[in-house]
Amino acid sequence: MRTGYHVNSNMPREEYLIPLKLTWTSPGALEPEAVLYPAPSIEKYAFADQPLSVFSGNFDLVAHFKVKGDAPAGPG
């Protein structure tokens with residue numbers, strides 16, 4: 001990732017900012033449970049009056065799934 005780029009964290013400090021949200025469609029036999037986000041950085045940018053809660057650089061999001069109770073046996 002090029003320096004200077006960022007995304008809002010999943011819990012931005014300002015109500016008007018759009019949070020980062022991991023979503024998926026058609027998980028098949030899997031049922032989504034939780035997404036674990038890293039700890040955000042609080043950074044000040046020239047375009048914002050207040051410091052922002054952001055993710056920058058490389059970061060990982062971890063998604064947890066469980067197999068649905070009615071899932072058929074075999075590859076899903």
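**Note on a five-strand predicted model**

1. The side chain of Asn8 comes to 2.9 Å from the backbone oxygen of Ile18. This is a predicted model, and the points below should be read with that in mind. Asn8 sits in strand 1, which covers residues 6–8. Asn8 counts as buried, because its relative accessibility is 16% and the cut-off for buried is under 20%. Leaving out residues up to four places away in sequence, Asn8 touches Leu17, Ile18, Leu20, Ser53, Val54 and Phe55. Ile18 thus appears twice for this residue: as a contact and as the owner of the backbone oxygen.

2. Now the overall layout. The protein has 5 strands and 0 helices. Along the sequence the pattern reads β-β-β-β-β. The C-alpha trace spans about 55 × 25 × 20 Å along its principal axes. The radius of gyration is 17 Å, whereas a compact globule of 76 residues would have one near 11 Å.

3. Next, surface and burial. Of the 76 residues, 14% count as buried. The accessible surface comes to about 6000 Å². Carbon and sulfur atoms hold 55% of that surface. As for contacts with a separation of 6 or more, 62% of them join residues 24 or more positions apart.

4. Ser53 is a good residue to look at after Asn8, since the two touch. Ser53 belongs to strand 4, residues 52–56. Is Ser53 buried or exposed? Ser53 is buried, with a relative accessible area of 3%. The side chain of Ser53 makes a polar contact of 2.7 Å with the side chain of Ser9. Beyond four places in sequence, the contacts of Ser53 include Val7, Asn8, Ser9, Met11, Pro12 and Arg13. Pro40, Ser41 and Ile42 are also among them.

5. Pro40 leads on from there. Pro40 lies in the loop between strand 2 and strand 3, the latter being residues 41–43. Pro40 is partly exposed, at 38% relative accessible area. With neighbours within four places set aside, Pro40 is in contact with Ser9, Ser53, Val54 and Phe55. Pro40 and Ser9 are 31 residues apart along the chain, yet their C-alpha atoms are separated by 6.0 Å. Ser9 and Ser53, the pair joined by the polar contact, are both on the contact list of Pro40.

6. How many salt bridges are there? The count comes to 1. The salt bridge joins the side chains of Glu31 and Lys66, at 3.6 Å from N to O. Glu31 lies in strand 2 and Lys66 in strand 5, so the pair ties together parts that are 35 residues apart in sequence. Side chains of opposite charge can pair when their charged atoms come close. Both partners are partly exposed: Glu31 has a relative accessible area of 32%, and Lys66 is at 39%.

7. His64 offers another view of strand 5. His64 is partly exposed, with 35% relative accessible area. Outside its neighbours within four places in sequence, His64 contacts Glu31, Pro32, Glu33, Ala34 and Leu36. Glu31, the salt-bridge partner of Lys66, is therefore also a contact of His64. What separates the C-alpha atoms of His64 and Ala34? They are separated by 5.2 Å, although the residues are 30 apart along the chain.

8. Pro32 gives the view from strand 2, which runs over residues 30–36. Pro32 is partly exposed, with a relative accessible area of 38%. Apart from residues up to four places away, Pro32 touches Trp24, Pro27, His64 and Phe65. There is also a long span here. Pro32 and Gln50 are 18 residues apart along the chain, and their C-alpha atoms are separated by 34 Å.

9. Last, the surface patch. Leu30, Phe65 and Val67 make a nonpolar surface patch of about 250 Å². Val67 is in strand 5, residues 62–67. Val67 counts as exposed, because its relative accessibility is 57% and the cut-off for exposed is over 50%. Phe65, another member of the patch, is touched by Pro32.

Notes: Residues are numbered from 1 along each chain as its sequence is written. This is a predicted model: local features need pLDDT of at least 70, side-chain atom pairs count only at pLDDT 80 or more; totals for chains, interfaces and linings use all residues. Side-chain values use heavy atoms; hydrogens and water are left out. Patches are made of residues with over 30% relative accessible area and no salt bridge: like charges are joined within 9 Å, nonpolar side chains (Val, Leu, Ile, Met, Phe, Trp, Tyr) within 5 Å. Accessible areas come from the Shrake-Rupley method with a 1.4 Å probe; for residues, only the protein chains shown count as cover. A salt bridge is a side-chain nitrogen of Lys or Arg within 4 Å of a carboxyl oxygen of Asp or Glu. Helices (H or I, at least four residues) and strands (E, at least two) are DSSP runs, numbered from the N terminus. Buried means under 20% relative accessible area, exposed over 50%, partly exposed in between (1.4 Å probe, protein chains only). A polar contact is a pair of N or O atoms within 3.5 Å; within protein, one must be able to donate a hydrogen and the other to accept it, and residues adjacent in sequence count only if both atoms are side-chain atoms. Contact means heavy atoms within 4.5 Å. The radius of gyration is taken over C-alpha atoms; the globule rule is 2.2 Å times the number of residues to the power 0.38.
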